[in-house]
Amino acid sequence: MMWNRVYMVKTFSGSKVKLKGAESNTYRMARKFLDMNLYDIRTNSNTVTINGTTINLGKVGSIIKMFVAVINLGCNIAVAATGALTAFYSHLI
């Protein structure tokens, strides 16, 4: 298993350090990949507490992203017309 292995890693100063598999960057990337695709964990929970209120920055970011997408797509008449025609065409076929 990957977490049982011991690796020799060269640092920036040139010295070598022993790392267990669970401490390596490869293990962290594999764990993050599995969390994202197997358990559908896509965002980190970054929170900030202001005056006793906890604010989740991931949710704030996704709300802003959705708002910008709605404004850019919904208020553009060309995109709305193309979507309507595409939907009408797909219902005919």
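Me: Why does serine 45 count as exposed?
Reply: In this predicted model, serine 45 has a relative accessibility of 61%. The term exposed requires a value over 50%, so serine 45, at 61%, counts as exposed. Serine 45 lies in the loop that runs between helix 1 and strand 3. Its C-alpha atom is separated by 6.6 Å from that of asparagine 56, a residue eleven positions away along the chain.

Me: What makes arginine 42 count as exposed?
Reply: The relative accessibility of arginine 42 is 51%. Since exposed means over 50%, the value of 51% places arginine 42 in that class. Arginine 42 also belongs to the loop between helix 1 and strand 3.

Me: Which residues does arginine 42 touch, not counting those up to four places away in sequence?
Reply: With those residues left out, arginine 42 touches Met36 and Asn37. Contact means heavy atoms within 4.5 Å, and both residues therefore have heavy atoms within that distance of arginine 42. As for C-alpha positions, arginine 42 and lysine 32 are ten residues apart along the chain, with a separation of 9.2 Å.

Me: Why does leucine 34 count as partly exposed?
Reply: Leucine 34 shows 39% relative accessibility. Buried would require a value under 20%, and exposed one over 50%; 39% falls in between, so leucine 34 is partly exposed. The residue is found in helix 1, which covers residues 25–38.

Me: Which residues form a nonpolar patch on the surface?
Reply: The patch is formed by Phe33, Leu34, Leu38, Tyr39 and Ile41, which together have about 560 Å² of accessible area. Patch members need over 30% relative accessible area; leucine 34, at 39%, therefore passes that cut-off.

Me: How does the reach of helix 1 stand to the span expected at 1.5 Å a residue?
Reply: Helix 1 has 14 residues and reaches 19 Å from its first C-alpha to its last. The expected span is 1.5 Å times one less than the number of residues, which gives 20 Å here, and the helix comes close to that figure. Helix 1 is followed by aspartate 40, which has a positive phi near 55°.

Me: What makes strand 3 and strand 4 a pair?
Reply: Four bridges join strand 3 to strand 4. Pairing needs at least two bridges, so the four found here satisfy the criterion. The two strands run antiparallel, and threonine 49 stands opposite threonine 54 in strand 4.

Me: Why is asparagine 51 called exposed?
Reply: Asparagine 51 has a relative accessible area of 81%. Because exposed means over 50%, asparagine 51 at 81% is exposed. The residue is found in the loop between strand 3 (47–50) and strand 4 (53–56). This hairpin has two residues between its strands, and asparagine 51 takes a positive phi near 55° there.

Me: What share of the 93 residues in the chain do buried residues make up?
Reply: Buried residues make up 3% of the 93 residues, and that share therefore has under 20% relative accessible area. The accessible surface of the chain comes to about 8,400 Å², with 65% of it belonging to carbon and sulfur atoms. The chain has three helices and four strands, arranged from the N terminus as β-β-α-β-β-α-α.

Key:
Residues numbered from 1 in each chain as written. Predicted model: local features only at pLDDT ≥ 70, side-chain atom pairs only at ≥ 80, totals over all residues. Heavy atoms only, no water. Buried < 20%, exposed > 50% of the residue type's maximum accessible area, 1.4 Å probe, protein only. Areas by Shrake-Rupley, 256 points an atom, 1.4 Å probe, with all protein chains shown as cover. Patch = residues over 30% accessible without salt bridge, like charges linked within 9 Å, V, L, I, M, F, W, Y side chains within 5 Å. Salt bridge = Lys/Arg side-chain N within 4 Å of Asp/Glu carboxyl O.
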